[in-house]
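Dear colleague,

I am passing a structure on to you with this email, and I would ask you to open it and keep it beside you while you read. My notes come after it.

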Amino acid sequence: MEKRIKALYIITIIAILAFLGMQVYWVYGRYEFSLKEYERNLEKQIASCVDDYDAIREKASDTRADSLKNHGSDNVMTVPVFSLQQEYGDTVRTTRTARIYTYLFSAHELLGLEPGTPLTNEQKNQVVELAQQQMTEPADSVIFDASGAKDENEAWLATKHVQTERKCPFTTGGIDSVLNKAGIKALTMVTQTDSMVWKTHVETHKSVFNPELSVTIPYSQLEGKTVTIVCPISPAEILPGMWHTLIISILVSALLIVCLVSQISTVLKLSRLDRMRNSFITTMIHELKRPISTLKMCVSGLDNGRLMEDTGVRKEILYETRRALDNLSSYFSKLRDITFNDVEQIPLNLRNLNLHDLFDDVAAATTLPSDKSVVINNHIDKDLEITADSSHLYNMINNLVENAVKYSGPAVEINATATGHDGNIELCISDNGNGIPAADIKHIFRRFYRGKASEGTQPGMGLGLAYVKLLVEAHGGDISVESALGKGSCFTIKLPQL
């Protein structure tokens with residue numbers, strides 16, 4: 001039975017650990033999924049911020065064209081012109097060439113106005129149309145091979161990005177400002193490669209504890225210019241999105257662990273009850289064996305005619321018979337009383353007793369081991385009277401004296417004292433025995449409880465002190481104990497007097 005319980009205990013622990021491992025793995029998977037989802041959304045936000053910054057740069061003034069103006073020509077305007085040439089050969093490959101021209105002209109000359117005259121928006125649009133009709137030689141031109149574009153629209157967009165970059169260069173300060181407005185804290189870095197870059201490159205987290213997202217976006221594909229945006233991600237930003245998952249996981253884990261622990265606890269309790277049952281049967285047989293053996297001997301003596309002729313022997317046999325029957329009656333009364341749940345159910349036959357004489361009777365009836373030196377001292381006043389049930393009070397004192405003898409070393413001295421005050425009588429029974437551990441003192445009056453110091457060394461069911469406490473409470477009294485390991489114990493019974 002013990003091996004099965006230990007095996008079940010080990011299996012339960014392994015099951016709990018395995019389940020917790022599975023739960024941790026599942027939560028980790030959910031965290032990874034939530035983190036990737038968060039990174040996808042963050043990637044979209046970053047791409048949107050780059051687009052917004054491109055739109056801002058497109059509306060900015062053409063700083064490069066201004067540098068091409070002639071000195072003193074403050075009324076000169078610039079117009080960029082895009083062209084895309086596509087050649088289709090015999091093969092599937094398509095060759096695209098992107099050309100960007102920049103023209104300089106005088107708006108006032110084209111409109112026939114005096115220099116310095118303010119221009120309206122309508123006049124600015126008109127002068128652009130006139131300039132495109134009359135322009136011949138560009139002030140600046142650049143040509144790119146846009147064959148790497150997947151289609152014509154991507155080539156046109158790349159050409160437009162080049163013009164935007166030449167008009168208003170991409171800066172880390174500018175993109176940082178847009179990212180900060182969007183609530184994104186990131187480290188930005190602008191780089192330029194020798195080859196054209198057409199696709200966005202994304203590097204997701206490599207560590208779940210310190211994750212970060214790196215996004216490299218080409219902002220001028222034909223020139224090979226890219227911006228790398230690195231965003232550190234705090235796990236605190238991920239966990240709020242999976243709170244329901246964590247709560248469900250914790251609740252399910254707690255419920256299963258509680259069920260498994262409750263199961264093993266129930267099994268251990270049943271095992272303990274089984275051990276107590278066996279101990280109860282063993283102790284009951286042991287307790288009944290002594291008076292029954294005495295009765296058998298007495299019956300055998302009664303059957304011997306020669307012994308019965310001796311008056312002294314006959315009286316001794318009758319005395320031992322009555323004593324054995326009294327012990328049986330007392331034992332069965334103890335078993336009956338200990339089953340009561342309410343102390344008021346215990347019948348009491350109260351009468352005045354001489355406490356000194358009662359303790360002498362207990363001391364005389366105590367079985368003294370042959371391998372121990374036992375001294376029992378009665379320091380109770382010889383005239384001290386107490387009102388109590390004689391049988392129950394006898395059993396109380398007898399249990400305490402027997403315990404003092406049982407749980408002691410080779411030599412033990414037991415002392416009994418009693419005082420009366422405030423309508424109560426306090427009976428103190430002390431010894432210099434083994435003492436009681438502090439951890440056991442608060443439990444020793446519980447039914448079937450046996451301290452670690454007594455388990456396995458002395459027979460018993462753990463009912464003696466519980467029985468004493470029950471009888472004391474039935475008298476309306478109280479019992480307490482003071483003890484120290486290696487020095488002994490002192491039990492004090494306090495009984496109210498009517």
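Below I describe two sheets, the helices beside one of them, and one pair of packed helices.

Please keep in mind throughout that this is a predicted model.

I would begin with the sheet of four strands, which is open and runs in the order β4-β7-β6-β5, with antiparallel pairing. Its edge strands are β4 (187-192) and β5 (201-203), each of which pairs on one side only, and from one strand to the next the twist averages 15 degrees. Within this sheet, strand β6 (residues 212-220) and strand β7 (residues 225-232) are joined in the antiparallel sense over eight bridges, and if you look for Leu213 you will find it opposite Cys231 in β7.

Two helices pack on this sheet. Helix α5 (residues 152-167) touches β6 and β7, and its direction makes about 90 degrees with that of β6. Helix α6 (residues 172-181), for its part, touches β4 and β7, and the angle between its direction and that of β4 is about 145 degrees.

The other sheet I looked at is also open, but it is built from five strands in the order β9-β11-β12-β14-β13, and its pairing is mixed. Here the edge strands, each pairing on one side only, are β9 (373-378) and β13 (478-484), while the twist averages 15 degrees from one strand to the next. The edge strand β13 pairs with strand β14 (residues 488-496) in the antiparallel sense over seven bridges, and in this pairing Val481 stands opposite Phe491 of β14.

Finally, please look at helix α11 (residues 355-365) and helix α12 (residues 390-406), which pack with their axes 10 Å apart and at an angle of about 50 degrees. Because of that angle, α11 counts as oblique to α12, and α11 passes α12 in a right-handed crossing. Which residues of α11 and α12 make the contact? On the side of α11 they are Leu355, Leu358, Phe359, Asp361, Val362 and Ala365, and on the side of α12 they are Ser390, Leu393, Tyr394, Ile397, Asn398 and Val401. When the residues of this contact are sorted by kind, nine are nonpolar, two are polar and one is charged.

With best wishes

Notes. Residues numbered from 1 in each chain as written. Predicted model: local features only at pLDDT ≥ 70, side-chain atom pairs only at ≥ 80, totals over all residues. Heavy atoms only, no water. Axes fitted to C-alpha atoms, helices over the stretch in contact; angles between N-to-C directions. Parallel < 35°, antiparallel > 145°, perpendicular 65-115°, else oblique. Left-handed = near helix turned anticlockwise from the far one by under 90°. Contact = heavy atoms within 4.5 Å. Nonpolar A, V, L, I, M, F, W, Y, C, P; charged D, E, K, R; others polar. Pairing = 2+ DSSP bridges.
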